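Here are a few short exercises to work through with the model open beside you. Try each task before reading its solution.

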Amino acid sequence: MDEKNRIYIFDTTLRDGEQSPGASLDMKRKLEIARQLAQMRVDIIEAGFPITSPGDAAAVKKIAAEIKGPTICALARAIEKDMEVALASLKPAKKSRLHVFLATSAIHRQYKLKKAKSEIVHLAVQAVKYARNRIGEVEFSPEDASRTEPDFLYEVVEAVINAGATIVNIPDTVGYTTPFEYGNLIKGIFDHVPNINKAIISVHCHNDLGLAVANSLAAVRFGARQVECTVNGIGERAGNAAMEEIVMALDTRPDIYGKHTNVCKDQICKASRLVSSLTGMVVQPNKAIVGRNAFTHESGIHQDGLLKHRKTYEIIRPEDVGFGETQLVLGKHSGRHALESRLHKLGYQLTAKELEKAFENFKQLADKKKEVFDDDLNALVDTEIISAPKTYELVSLSVLTQTGKEPKVNISIRSKAKVHEAAGSGSGPVDAAFKLVDKIIAQKTRLLDYQIRSVTVGKDAQGEVTVKVQDHKSNKVVIGQGVSTDIIEASVRAYLDAINKIVYRGGVLKKDSGAYGV
Ligand code: KIV
Ligand code: ZN
């Protein structure tokens, strides 16, 4: 990929992100997030604001010492003491940057700083010069740049570049700007700052109007080369531009932006989950790219379209951002096509008639249950739709139990007109009987669940056993049922019922030998 069209990703999850109310992170957690950011190959990690607390300074130092790859950056006001503490924290880093900021807008000058324009320019220049004498890379941010008079902003930008800043950030500190206005501001900087080719223009947008990502992307269209952002868009107040949205917008729309980042897309969801769990900030389900529902399709029309061609309703492959597969949630809006496709994945090959019946029963179930899971479908098809041919049939069963001794079981099973016998013991009669069945059919299954209930009343009540069995080879899961007044017999019948279904669904049947091992 060409360097000139590369957008640098400056991640400030550990600094501005950590300024989210209630999201404070200790050193161990900061380090864990920094490792993930390095793994996903962000260009710059803003690790903290060291003057704010000794803990933050120590965390920046630790990250500077341990994290290799990205440039490690620390924030400081345009005050010597701040810069000194930040510089000390950055010392162990291989690649480091000091980020110095000073507000430039009229409202900040008048009420917060009580300084004239000329004083602001002077302070900014002095700070950048001071920093440049101590470190090779200095970024300067005119805080509240988007509300600063453009002509004054141009003056500040030119002055700090002359003083040695090689990155100039244009923050929309209060999330006030709009894409049109911000794009024009960035264009204005390129048009009016004579030494602009000596610096990289960076953007840093807050999300107070929900425009942080749109504003950042508008700036990219007009020449910004660095985007400051956070994982999951966490940050001060309504947060910052979300890194995953910036990266994926650039990746998905090269026709619009013609730019790329070096971020490993497949690490995006891992980073999102890590940041969410370590900060305790839950990601809203419909959050773009990383929300639980971001790749889940519920509408029947959408599900049908997706199954015909993925791109009908999907602009990003969930696998590409490390999300796992597209989820079709089966519910009352789902259509026949979605049901058929899911049943097929579960290993069922139903006739048109069986499918019709399954669809009817599925709709009834979906009316009662919001989401229909694979287990529900297995139970529905296995118990209500399919009656598998009896490849294996119980002929006889005898069980001898004696207190303090292992039970002894004799069993005979018919398959294709041949009767197979086996005898053995186990830790209990059901265990012994199931082992003998396995021996006779010579194939591996895993018993996932076993339930027994009485279907009639009285001592001679019929017991109904339901088993959930997984075929070892195909991983298909089936439900088997058996009824008898003898609960061991009911168990064996249920188990054989499940195995017959596996055979019927093609999991174990060898082409011409009838069945495995018999
Ligand atoms: O929002 C902002 O202005 C900031 C600066 C310190 C860059 O976070
Ligand atoms: Zn900010």
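## Exercise 1: An open sheet

Three strands of this predicted model form an open sheet with antiparallel pairing, in the order E14-E15-E16.

**Task.** Find the edge strands of this sheet, then describe its twist and the helices that lie across it.

**Solution.**
1. Look for strands that pair on one side only: these are E14 (445-454) and E16 (477-484), the edge strands.
2. From one strand to the next, the twist averages 20°.
3. Now zoom in on E14 and E15 (residues 463-471), which run antiparallel and are joined by 9 bridges. For Arg453, the bridge partner in E15 is Glu464.
4. Finally, add the helices. Helix H15 (residues 374-385) lies across E15 and E16, and runs at about 45° to E16. Helix H17 (residues 487-504) lies across E14, E15 and E16, and its angle to E16 is about 145°.

## Exercise 2: A helix and its neighbours

**Task.** Check whether the span of helix H7 (residues 179-192) agrees with 1.5 Å a residue, and find what its buried residues pack against.

**Solution.**
1. The expected span is 1.5 Å times one less than the number of residues. H7 has 14 residues, so it should span 20 Å.
2. The end C-alpha atoms of H7 are 20 Å apart, which agrees.
3. Next, pick out the buried residues of H7: Tyr182, Gly183, Leu185, Ile186, Gly188 and Ile189.
4. To read that list, recall that an α-helix has 3.6 residues a turn, so residues three or four places apart point the same way.
5. The buried residues of H7 pack against helices H6 (150-163) and H8 (212-221), and against strands E6 (167-172) and E7 (200-205).

## Exercise 3: The zinc ion

**Task.** Which residues are the protein donors of the zinc ion (ligand 2), and how are they spaced in sequence?

**Solution.**
1. The donors are Asp16 through OD, and His204 and His206 through NE2. They lie 2.0 to 2.1 Å from the zinc ion.
2. Along the chain, the spacing of these donor residues is D-x187-H-x1-H.
3. His204 and His206 are both buried.

## Exercise 4: A cysteine in a strand

**Task.** Is Cys73 buried or exposed, and what does it touch?

**Solution.**
1. Locate Cys73 in strand E3 (residues 71-77).
2. A residue is buried under 20% relative accessible area. Cys73 has 0% relative accessibility, so it counts as buried.
3. Leaving out residues up to four places away in sequence, Cys73 touches Phe10, Ile44, Ile45, Glu46, Ala47, Gly48, Leu90, Arg97 and His99.

How values were computed: Residues are numbered from 1 along each chain as its sequence is written. Chains are lettered from A and ligands numbered from 1 in the order in which they are written. This is a predicted model: local features need pLDDT of at least 70, side-chain atom pairs count only at pLDDT 80 or more; totals for chains, interfaces and linings use all residues. Side-chain values use heavy atoms; hydrogens and water are left out. Helices (H or I, at least four residues) and strands (E, at least two) are DSSP runs, numbered from the N terminus. Buried means under 20% relative accessible area, exposed over 50%, partly exposed in between (1.4 Å probe, protein chains only). Contact means heavy atoms within 4.5 Å. Two strands pair if DSSP finds at least two bridges between them. Axes are lines fitted to C-alpha atoms, for helices over the stretch in contact, and angles run from 0 to 180 degrees between N-to-C directions. Donors are N, O and S atoms within 2.8 Å of the metal (3.2 Å for Na, K and Ca); water is not among the atoms, so sites may look incomplete.
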